[in-house]
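The following note sets out several numbered points for a colleague's consideration. Each point takes up one local feature and may be checked against the coordinates.

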Amino acid sequence: MARSVFPLDRNWLYGGQAVTGCTDPAFDDSGFERVTLPHTNHTFSWHGFDDEEYQFVSVYRRHFTLPEEPKKRRVFVDFEGVMTAATVTLNGEMLGEHRGGYTPFSFEISECVRSDGDNVLAVEVDSTERADIPPFGGKLDYLTFGGIYREVSLRIVPDTFIENVFAKPVDVLRENRRVEVRCSLNGQKAPYAPLTLNAELRSGERILASESREVLSEGGDLVVDLLLSDIGPIELWDTENPKLYEVVARLHEGSRCTDEYVTRVGFREARFTPDGFFLNGRRLKLRGLNRHQTYPYVGAAMPARVQWRDALILKHELKCNVVRTSHYPQSAHFLDCCDEMGLLVFEEIPGWQHIGDEGWKALACRDVEAMIRRDW
């Protein structure tokens with residue numbers, strides 16, 4: 001059975017200011033407000049407010065039962081973004097803390113989730129401007145707001161699963177164009193049967209290229225490279241014709257498909273030269289704007305359809321062909337729409353004219369890696 005992903009965006013309970021014991025499973029949350037993610041910890045006037053209004057530690061709780069039996073399966077909870085530091089517990093057991101509001105993070109809950117009965121996921125959200133977390137420590141020219149402002153999901157995967165896929169088109173303007181596919185596997189123990197990894201390049205239902213490799217695994221993390229070649233004619237991705245292809249990676253244990261991971265790529269060559277910017281060998285004048293993830297009333301907490309709408313406005317109403325994500329990694333929904341609409345993206349990590357101490361720098365480097373691994 002391949003992976004299952006279940007959204008956890010509805011039926012959260014928001015308690016406002018965190019108090020002692022609020023993450024305990026037995027804590028009385030009957031008076032909490034029922035909310036849907038994305039959610040802001042404070043709503044605002046559209047024309048004026050004090051930024052300290054959202055700078056406090058809040059608490060969110062989510063009761064859930066597992067949607068399927070997790071025997072011989074691993075269970076993760078995935079957060080797309082929490083502003084700014086999240087301390088997460090499940091059934092009273094500490095899962096960990098994530099510092100930083102712009103990059104996704106996950107916790108494995110296989111050992112502490114109950115296969116039957118109620119589970120209580122609790123998140124304490126520190127939305128203060130902490131000097132130990134980028135971009136804080138100096139003066140910012142933008143607001144960060146607070147809350148669980150991006151989506152949360154439950155992911156159930158096999159013991160060995162595909163953690164990430166990097167699909168890189170190379171030599172796209174030549175007849176020998178190809179796609180280098182790097183698959184990161186995550187496993188806890190040796191599989192019961194031989195593993196085979198297969199990758200396909202697809203245009204709709206049509207398979208343009210494929211390759212399979214046997215995987216020798218004794219458990220643990222593993223990186224497997226595959227090469228998709230002999231592709232034949234393709235359409236280049238361009239700002240006026242943003243053609244995308246799918247790369248589908250499948251993991252087989254014996255004859256059984258146990259996991260699948262799908263990502264999208266565009267064939268394009270981008271070069272900056274002394275004579276200007278060239279896309280696919282053609283000089284292109286870049287016309288763009290900066291974009292902040294800020295909205296009236298709710299700060300940064302907007303769902304996919306509104307993130308998409310911003311990209312459509314930039315492309316069709318403001319006639320841009322490039323956007324800069326000032327000054328942090330933004331919603332994956334926004335970036336997906338940019339891919340589909342033909343908007344180039346200049347992406348940044350959290351920061352603005354300030355570099356902190358060694359711990360701050362370490363988090364900034366972690367944000368670089370997290371941004372690249374999410375958006376490549």
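1. The second largest cavity is lined by Tyr102, Leu143, Thr144, Phe145, Gln293, Thr294, Ala300 and Tyr328. It should be kept in mind that the model is a predicted one. This cavity holds about 30 Å³ of space. Its lining comprises five nonpolar and three polar residues, with no charged residue.

2. The structure contains two cavities of 30 Å³ or more, and the largest has a volume of about 40 Å³. Around the largest cavity stand Pro38, Tyr149, Arg150, Glu151, Gln293, Ala300, Met302, Gln307, Ser331 and His333. Four of these lining residues are nonpolar, four polar and two charged. Gln293 and Ala300 appear in the lining of the largest cavity and also in that of the second largest.

3. Isoleucine 162 belongs to strand E11, which spans residues 160–170. Its relative accessibility is 0%, and therefore isoleucine 162 counts as buried. Leaving aside residues up to four places away in sequence, isoleucine 162 touches Arg3, Ser184, Leu185, Leu197, Ala249, Arg250, Leu251, Asp259 and Tyr261. One of these contacts, with aspartate 259, joins residues that are 97 positions apart along the chain, and their C-alpha atoms are separated by 6.8 Å.

4. Strands E18, E19 and E20 make up an open sheet in that order, with antiparallel pairing. Strand E18 (270–273) and strand E20 (282–283) are the edge strands, each pairing on one side only. Four bridges connect E18 with strand E19 (residues 276–279) in the antiparallel sense. Within this arrangement, threonine 273 stands opposite glycine 276 of E19.

5. Edge strand E20 also takes part in a salt bridge: the side chains of aspartate 238 and arginine 282 meet at 3.2 Å, N to O. The pair links distant parts of the chain, with aspartate 238 in the loop between strand E15 (220–228) and strand E16 (245–253), and arginine 282 in strand E20, 44 residues apart. How do the two partners stand in terms of relative accessibility? Aspartate 238 has a value of 14% and so counts as buried, whereas arginine 282, at 41%, counts as partly exposed.

6. A further salt bridge joins the side chains of arginine 324 and glutamate 348, at 2.7 Å from N to O. Arginine 324 lies in strand E22 (residues 322–325) and glutamate 348 in the loop between strand E23 (344–347) and helix H3 (358–375), so this pair ties together parts that are 24 residues apart in sequence. Which of the two partners is buried, and which partly exposed? Glutamate 348 is buried, because its relative accessible area is 14%; arginine 324, at 29% relative accessibility, counts as partly exposed.

7. Across the whole structure, a search finds 25 salt bridges. Side chains of opposite charge can pair when their charged atoms come close. Which residues are linked in a network of salt bridges? Such a network links Glu97, Arg99, Asp126, Arg130 and Asp132. Within it, arginine 130 forms a salt bridge with aspartate 132, and their closest N and O atoms are 3.0 Å apart. Aspartate 132 counts as partly exposed because its relative accessibility is 27%.

Conventions. Residues are numbered from 1 along each chain as its sequence is written. This is a predicted model: local features need pLDDT of at least 70, side-chain atom pairs count only at pLDDT 80 or more; totals for chains, interfaces and linings use all residues. Side-chain values use heavy atoms; hydrogens and water are left out. Two strands pair if DSSP finds at least two bridges between them. Helices (H or I, at least four residues) and strands (E, at least two) are DSSP runs, numbered from the N terminus. On a 1 Å grid over the protein atoms alone, a cavity is a set of points where a 1.4 Å probe fits but cannot get out, and a pocket is an open set with protein on both sides within 12 Å along at least five of seven lines; lining residues have an atom within 4 Å of a point. Grid points are joined across faces, edges and corners, and a volume is the space filled by probe spheres set on the points. Ala, Val, Leu, Ile, Met, Phe, Trp, Tyr, Cys and Pro count as nonpolar, Asp, Glu, Lys and Arg as charged, and the others, Gly among them, as polar. Buried means under 20% relative accessible area, exposed over 50%, partly exposed in between (1.4 Å probe, protein chains only). Contact means heavy atoms within 4.5 Å. A salt bridge is a side-chain nitrogen of Lys or Arg within 4 Å of a carboxyl oxygen of Asp or Glu.
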